[in-house]
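Reader: Could you walk me through this one, with the reasoning behind each term?
Author: Gladly; here it is.

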Amino acid sequence: MRHNLLISSLLASAAFIAMPAEADQGRFIATGGATSIEGSAGGGIVPWATLSSYAEEGQWGATAAVTEVSVDDFRLSVLGVSLTYDNRFELSAAKQTFDLSTIGGELKQDVFGVKYRVAGDLIYGDLPQFSVGLQHKRNSTFALPSAVGAQSDSGTDYYVSAAKVWLDGPFHRTWLANITLRATKANQIGLLGFGGDQNNDYEIQPEVAVGMFINRNWAVGAEYRTKPDNLGFAEEHDWYDIFVAYFPTKSVSVVAAYADLDSIAGLADQTGWYLSLQATF
Amino acid sequence: MSIKSIIFAVALLCASTPSHADDSLYQELGGQAGISQLMETFVLEIASDDRIIHHFEKTDIERLHRLLTEQVCVIAGGPCEYTGEDMVTVHTGMNITRAEFNALVEDLMTAMEQEEVPVTTQNRLLAALAEMHSEVVGL
Ligand code: HEM
C-alpha cells in the first residue's frame, strides 16, 4: 500500500508536469472513464465500452492507475496501465495482489487486456458505442485455487460492451449507461483460478453501470457485476459498488466507492471501500 | 373573409406555434442579451484555442458572432431568424476532425462556466449542438 501510494503520487505529479503540452486530448473530460480492477477502461469493477485516456481519431493516450479495495477480511491492490490509439484500440495490463488478511497469505494474477471499438460513439449519433474485448489472466499463486477445485491457472474472458452518454438526460443532467456481457470461467475474477469442480464451461455474465454527472467534474453512480459459481467449496456471489468520481483535470481522476463483494471463500459480508487514482497522459 | 382564407389563416397559425411553444431554454440563457454575451465569450475562447484557431484565420468575427447568436437563439426557441448559410454548406471543405469539434464544444463549455450558466441549462444547449456533429465533422 505504501509502495502504491508512492507510485501514485509520482504518477500524479508526472501527469501535472507533462500536461497539457504532450497529450492529445481530443475528447471531453471524464469520457476516458476510470481504470477498472482488471486494467481496462471502465468503472471500478466493470469494463466499459469506453476507451482509456482522451485520445480521439489519430491520437495516442495512456493511463496509469493504482487501486485499493479493502473489505472486512481481504484487500485487493491493483496497478494498471493502458495505451489507447485512435479512440479505437486499447491495450491494458494490470497486476493484482489479493491479500487474505484474515486467512493469511496472498493471491496474485496479471491481466492483459485488448479492447476494440467496433461501432458507434459514446456521445454523438443514435448508436451507442460498441466495443469488444478480452482479458487474458495468469494466476501466479495457483496452489490455493487448485486445492479448492480450480481447474486452470490461466484463462481468458471475452466481452462485448455498449455504452451511451445522454448530455441532457433526466433532470437535465448528463448520464451514462453501460452494459457488458462477459464470457468467463474465472473464479473470483481469476484470483481463485479458472473453471472448477462444479462447472468448467464458459458462462455469460451481464455487468451494468449507470452514472450521473453532477457537473463536468463530478459523477456518481453504481455498478453491478454477476459472476459464475464454479467451485464447490464456497458459493460465489455477485458484486456491486456505489461510486463518486472526481475529474479535476484531464490529467488526474479519483474514484471512491462503497463496495459490496458479498461472501468470498466462505467469509460472509465482505463490504468496504474502494479507492482508485488515475493519471492520464 | 372566405371560409378558405380562414382555414388558411388557422393552418398558418398552427404551423407557426411550435416556435413559440417552448422558449424556456432561450429564457434560461438570458434571452437575446444573454445569448449575445455568451457567444462573445465563446468566440473569444475560440480565438485563444490553438487547437482550432487556424480554421478561423480568414473569418469575419463580427459576422460569426452575429450568426452564432442568431442560431443559438433559434435552437433555444427564441424569436429569431437564422440568416446564415446552412451548417453543411458552411463547414464543407474544412475537414473538421472529431477532436476539433470537441475542442470547439469545450470552448463553449468554458464560456458557459465563465458566464455562470447553470449546468442544467448548459446540458440542454450542448445536447442540441451535439445533434449537429454530422453536419460539421469530416466534410
Ligand atoms: C455545433 C457546432 C458548430 C456550430 C453550431 C457552428 C456554427 C457556425 C455558424 C452559424 C457559422 C456562420 C455561418 C455563415 O457564415 O453563414 C459558422 C462558420 C464557421 N465555422 Fe462553425 N459551427 C460549429 C462547429 C465548427 C467547428 C468545430 C469548426 C472548426 C473547428 C467551425 C469552423 C467554422 C468556421 C471557420 C466558420 C467561418 C467560415 C467563414 O469564414 O466564412 N465550426 N459556424
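Author: A polar side-chain atom of H91(B) lies 2.9 Å from a nitrogen atom of the ligand. This is a predicted model, in which local features need pLDDT of at least 70, side-chain atom pairs count only at pLDDT 80 or more, and totals for chains, interfaces and linings use all residues. Residues are numbered from 1 along each chain as its sequence is written, chains are lettered from A and ligands numbered from 1 in the order in which they are written, and side-chain values use heavy atoms, with hydrogens and water left out.

Reader: What makes the H91(B) pair a polar contact?
Author: A polar contact is a pair of N or O atoms within 3.5 Å (within protein, one must be able to donate a hydrogen and the other to accept it, and residues adjacent in sequence count only if both atoms are side-chain atoms). At 2.9 Å from a ligand nitrogen, H91(B) therefore qualifies. A polar side-chain atom of T59(B) lies 3.0 Å from a ligand oxygen, and a backbone N or O atom of E85(B) also lies 3.0 Å from an oxygen atom of the ligand.

Reader: Why is H91(B) called a donor to the iron atom?
Author: Donors are N, O and S atoms within 2.8 Å of the metal (3.2 Å for Na, K and Ca); water is not among the atoms, so sites may look incomplete. NE2 of H91(B) is 2.1 Å away, so it counts, as the single donor from the protein.

Reader: What makes the place of H91(B) a helix?
Author: Helices are DSSP runs (H or I, at least four residues), numbered from the N terminus. H91(B) lies in helix α6 of chain B. The largest share of the shell around the ligand, five residues, comes from α5(B).

Definitions and conventions
Helices (H or I, at least four residues) and strands (E, at least two) are DSSP runs, numbered from the N terminus.
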